[in-house]
Amino acid sequence: MPISRLLTQPNFDTRWSSLRRPSMTQAPQVWRSWLTDSGSLTKRLIELSDGDFRVEVVRQGWQRPTRSEAKALGMGSREKALIREVQLIGNDQPWVYARTIIPATTLTGRHRTLKLLGNRSLGSLLFSDRSMRRGPLQISRLKLSDDKTPVWARRSLFYLADKPLLVCEVFLPALQRVK
């Protein structure tokens, strides 16, 4: 089942906290390494799944970001951005739901190709781009609609040649069950 059906209108406009060293009150131990890892999530998931990994596009199109997303990107409240939502699937289980907000001003020059990713991983592109730098991580909790299970999410700004995009990753319960 696509995770988009599990998350009822994901509230990405929720309160996000700066992530320094998460205490037990901020994040359970089981999720800390996922929330604090500044490396490539794609690479980590590929290793965890022994290569049985894929990206499935849930939706992609021009929309207005949430207020929180627009503020993080320094966008006006009426500006639209390319919003890409995907599932990161390992061993045929949705492990991560990811939402990327890409302002039109970022989709210029060689970075126009960001709109053509399809089922390719954004992470593999980001972490191979020499101009990439990453901003601080933020964390939040969201709820799944199926049983109101709280899930942990993180987000951060990435800059490609100083042009921003915002990536949010929601860690799903199936990932916690992987040994």
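In this predicted model, R133 sits over the face of Y159, 4.1 Å from the ring centre. A second arginine does something similar: R44 lies over the face of W34, at 3.7 Å from the ring centre. R44 also has a charged partner, since its side chain meets that of D37 in a salt bridge with an N to O distance of 3.2 Å. With 22% relative accessibility, R44 counts as partly exposed, and D37, at 24%, is partly exposed too.

**Aromatic pairs**

W34 leads on to the ring contacts. Searching the whole structure turns up 3 aromatic pairs. In one of them, the ring centres of W34 and F171 are 6.0 Å apart and the planes stand at 45°, so this pair is tilted. W34 belongs to helix α2 (residues 29–36) and F171 to strand β8, so the contact ties together parts that are 137 residues apart in sequence. Both W34 and F171 are buried. Another pair, F127 with F158, is edge-to-face, with 6.1 Å from centre to centre and 80° between the planes. F127 comes from the loop between α5 (122–126) and β5 (132–134), while F158 is part of strand β7, so here the parts tied together are 31 residues apart in sequence. The two rings differ in their surroundings: F127 is partly exposed, with a relative accessible area of 33%, whereas F158 is buried at 2%. W34 and F171 also belong to a wider group, as W31, W34 and F171 form one aromatic cluster.

**Salt bridges**

Now to the charged side chains, where the count comes to 9 salt bridges. Three of them are listed here.

| Salt bridge | N to O distance |
|---|---|
| R44 and D37 | 3.2 Å |
| E56 and R54 | 3.9 Å |
| R154 and E169 | 2.5 Å |

Is the R154 side of its salt bridge buried or exposed? R154 has a relative accessibility of 1% and therefore counts as buried, the cut-off being under 20%. Its partner E169, at 9%, is buried as well. R154 lies in strand β7 (residues 150–160) and E169 in strand β8 (residues 163–171), so the pair ties together parts that are 15 residues apart in sequence. Salt bridges that share partners also join R59, E69, E85 and R99 into one network. For the E56 and R54 pair, the setting is partly exposed on each side: E56 has a relative accessible area of 27%, and R54 has a relative accessibility of 38%.

**Strand β3 and its neighbours**

E85, from the network above, takes us to strand β3. What is the setting of this strand, enclosed or open? In β3 (residues 81–90), 10 of the 10 residues are buried, so the strand is largely enclosed by the rest of the structure. In a regular strand, side chains alternate between the two faces of the sheet. Both faces of β3 are covered: A81, I83, E85, Q87 and I89 are buried on one side, and L82, R84, V86, L88 and G90 on the other.

β3 has a paired strand in β2 (residues 53–63), which runs antiparallel to it and is joined to it by 10 bridges. Within that pairing, F53 has G90 as its bridge partner. Strand β4 (residues 93–103) is also antiparallel to β3 and joined to it by 10 bridges, with E85 standing opposite R99 of β4. The hairpin of β3 and β4 has 2 residues between the strands, and N91 there takes a positive phi near 50°.

Terms used: Residues numbered from 1 in each chain as written. Predicted model: local features only at pLDDT ≥ 70, side-chain atom pairs only at ≥ 80, totals over all residues. Heavy atoms only, no water. Buried < 20%, exposed > 50% of the residue type's maximum accessible area, 1.4 Å probe, protein only. Helix = DSSP H or I, 4+ residues; strand = E, 2+ residues; numbered from the N terminus. Pairing = 2+ DSSP bridges. Salt bridge = Lys/Arg side-chain N within 4 Å of Asp/Glu carboxyl O. Phe/Tyr/Trp six-rings, centres within 6.5 Å; stacked < 30°, edge-to-face > 60°. Lys NZ or Arg CZ within 6 Å of the ring centre and 35° of its normal.
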